[in-house]
Amino acid sequence: MKKASIILFMFLFGIILQGLSQSTTPTDFYAGKWEIAVNGTPRGDIVFKTNLVRKDGKLTGELVTDDNRRPITKIEEKDKTLVIYFESSQGGEISIDLTKVDDNNLKGTLMDFTATAKRVKE
């Protein structure tokens, strides 16, 4: 009986230890600072910096380049995809469509151009 108690104790201890050692994923994956690179545009490669913030349950922010700030007009988010809409310099609304690659990277397109996003660690 003593051996059974020791084995049961070790088994439960192992389960508890395993549960505590699990890394937790952020509950709000898309919120935070991101650097979005769009490659091969007529104006060359463009890098947008953004800090996506959740306000009233929706993500919001602005896209910032070295010489320009563009407010984000809306964001559609799903489990593995993010679509960011903003006004282009030509006056029309365009979107950056991104898909989750891993916990710190997204990839997708802006029109016909390749886009990648990387989480900025502070």
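The following conversation concerns the strands, a surface patch and the largest pocket of a predicted model.

Visitor: What should I know about the model before we begin?
Guide: This is a predicted model, in which local features need pLDDT of at least 70, side-chain atom pairs count only at pLDDT 80 or more, and totals for chains, interfaces and linings use all residues. Residues are numbered from 1 along each chain as its sequence is written, and side-chain values use heavy atoms, with hydrogens and water left out.

Visitor: How many bridges join S1 to S2?
Guide: Eight bridges join strand S1 (residues 32-41) to strand S2 (residues 44-55), and the two run antiparallel. Strands are DSSP runs of E with at least two residues, numbered from the N terminus, and two of them pair if DSSP finds at least two bridges between them.

Visitor: Which residue in S2 stands opposite Lys-33?
Guide: That residue is Asn-51. S1 and S2 form a hairpin, with two residues between them.

Visitor: And what joins S2 to S3?
Guide: Three bridges join S2 to strand S3 (residues 58-60), again in an antiparallel arrangement. Val-53 stands opposite Thr-60 in S3. The hairpin of S2 and S3 has two residues between the strands, and Asp-56 in the turn has a positive phi of about 55°.

Visitor: Where does S9 fit in?
Guide: Strand S9 (residues 113-119) pairs with S1 in the antiparallel sense over six bridges, and Glu-35 stands opposite Lys-118 in S9. Six bridges also join S9 to strand S8 (residues 105-110), likewise antiparallel. Met-111 takes a positive phi near 55° in the hairpin of S8 and S9.

Visitor: Turning to the pocket, which residues lie nearest its centre?
Guide: Thr-41, Arg-43, Ile-46, Phe-48 and Arg-70 lie nearest the centre of the largest pocket, which is lined by 22 residues. A pocket is an open set of points on a 1 Å grid over the protein atoms alone, where a 1.4 Å probe fits, with protein on both sides within 12 Å along at least five of seven lines; lining residues have an atom within 4 Å of a point.

Visitor: Which strand gives the most to that lining?
Guide: S2 does, with five residues.

Visitor: One last topic: is Leu-17 buried or exposed?
Guide: Leu-17 is exposed, with a relative accessible area of 52%; exposed means over 50%, with a 1.4 Å probe and protein chains only. Leu-17 is found in helix H1 (residues 2-21), a helix being a DSSP run of H or I with at least four residues.

Note on methods:
Buried < 20%, exposed > 50% of the residue type's maximum accessible area, 1.4 Å probe, protein only.
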